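Work through the exercises below with the sequence and the model open side by side. Try each task before you read its solution.

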Amino acid sequence: MESASQDINLNSPNKGLLSDTMTDVPVDNTASARTSAPEGLTEAEEEELRSELAKVEEEIGTLRQVLAAKERHCGELKRKLGLTTFDELKQNLSKSWHDVQGSNAYMKTSEKLGEWNEKVTQSELYLSASSTLEDWNEKLTQSEAYKKTQETLSQAGQKTSAALSNVGSVISRKLGDMSSYSIRHSISMPAMRNSTTFKSFEDRVGTIKSRVVGSRENSTDPHSPTGSGDKPPQDNARF
């Protein structure tokens, strides 16, 4: 302990004596890096387990890389097929609902609901309520107010149908009259023009026209008194 109590001074002439008196302590780096082995395992078993753990972690990393590549390839295929996110969501919902229907919980719940429904429909309260509703329905349909309302609605429906039928028949008759009139008119005009009466009337009109035109030509003759420019004598006699 004498060396430990010496004054450590770098400028002292005895500065090298401290290193001669101290002994080196061996340090195990591997032992400090490792945790203590679990109880019941030997060093060989621990080494084997650690080696297996490293292999499993390496396989997990490889599988993650493969999964990422598969997901990219799947996305490319969906893009080429035109599948959208909405289609995927609908497909996932359909699959989820199918899985739910096939699950034991859903089947048990359906069975329970069926049992409850049967119990409710067979209960005295349900039967009494159904009977009461049937009685009210029968009384309502047999009441005078219901019958009058039904008769009024029936009569209104019949009157409306008759009015619509009359309007339709009137419109059809008017259209038929118009079409028959147009047909008769188109047929009678050529027949009337070709008739003897129409030709005789036309000849008379032509004769009268020729006479009128001839009289006008005679009135414009230059040898006539009016044609020479002289005024015709005026009759001053008053009637």
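The exercises go from the whole chain to single side-chain pairs.

This is a predicted model, in which local features need pLDDT of at least 70, side-chain atom pairs count only at pLDDT 80 or more, and totals for chains, interfaces and linings use all residues. Residues are numbered from 1 along each chain as its sequence is written, and side-chain values use heavy atoms, with hydrogens and water left out.

**Exercise 1. Describe the fold and the surface of the protein chain.**

Step 1: list the elements. The protein chain has eight helices and zero strands. Helices (H or I, at least four residues) and strands (E, at least two) are DSSP runs, numbered from the N terminus. Along the sequence the pattern reads α-α-α-α-α-α-α-α.

Step 2: check burial. Buried means under 20% relative accessible area, exposed means over 50%, and partly exposed lies in between (1.4 Å probe, protein chains only). Of the 239 residues, 1% count as buried.

Step 3: add up the surface. Accessible areas come from the Shrake-Rupley method with a 1.4 Å probe, and for residues only the protein chains shown count as cover. The chain's accessible surface comes to about 22,500 Å². Carbon and sulfur atoms hold 57% of that surface.

**Exercise 2. Find where the predictor is confident and where it is not.**

Step 1: take the average. pLDDT is the predictor's confidence in each residue, from 0 to 100. The mean for the protein chain is 75, and 66% of its residues reach 70 or more.

Step 2: rank the elements. Helix α3 (residues 43-81) has the highest mean pLDDT, 94. Helix α2 (residues 29-33) has the lowest, 44.

Step 3: inspect the weak stretches. Over residues 27-33 the pLDDT is below 50, and this stretch has zero contacts beyond near neighbours in sequence. A contact means heavy atoms within 4.5 Å. Over residues 225-231 the pLDDT also stays under 50. Here the model has five contacts beyond four places in sequence.

**Exercise 3. Locate the salt bridges and state how exposed each partner is.**

Step 1: apply the criterion. A salt bridge is a side-chain nitrogen of Lys or Arg within 4 Å of a carboxyl oxygen of Asp or Glu. The whole structure yields two.

Step 2: take the pair within one helix. E46 bridges to R50, with the closest N and O atoms 3.1 Å apart. They are four residues apart in helix α3, so about one helical turn separates them. E46 counts as buried because its relative accessibility is 10%. R50 is at 41%, so R50 counts as partly exposed.

Step 3: take the pair between helices. E88 bridges to K78, with the closest N and O atoms 3.2 Å apart. This pair links distant parts of the chain: E88 lies in helix α4 and K78 in helix α3, ten residues apart. E88 is partly exposed at 27%. K78 is partly exposed too, at 25%.

**Exercise 4. Describe the aromatic pair, then place its two residues on the surface.**

Step 1: search for ring pairs. Rings of Phe, Tyr and Trp (its six-membered ring) pair if their centres lie within 6.5 Å; planes under 30 degrees apart count as stacked, over 60 as edge-to-face and the rest as tilted. The whole structure has one aromatic pair.

Step 2: read the geometry. W97 and Y106 pair edge-to-face, at 5.8 Å centre to centre and 80° between the planes.

Step 3: check exposure. W97 is partly exposed at 47% relative accessibility. Y106 sits in helix α5 and is partly exposed at 30%.

Step 4: widen the view. W97, V100, Y106 and M107 form a nonpolar surface patch, with about 370 Å² of accessible area together. Patches are made of residues with over 30% relative accessible area and no salt bridge: like charges are joined within 9 Å, nonpolar side chains (Val, Leu, Ile, Met, Phe, Trp, Tyr) within 5 Å. Helices α4 (85-101) and α5 (104-121) each supply at least two of the patch residues.
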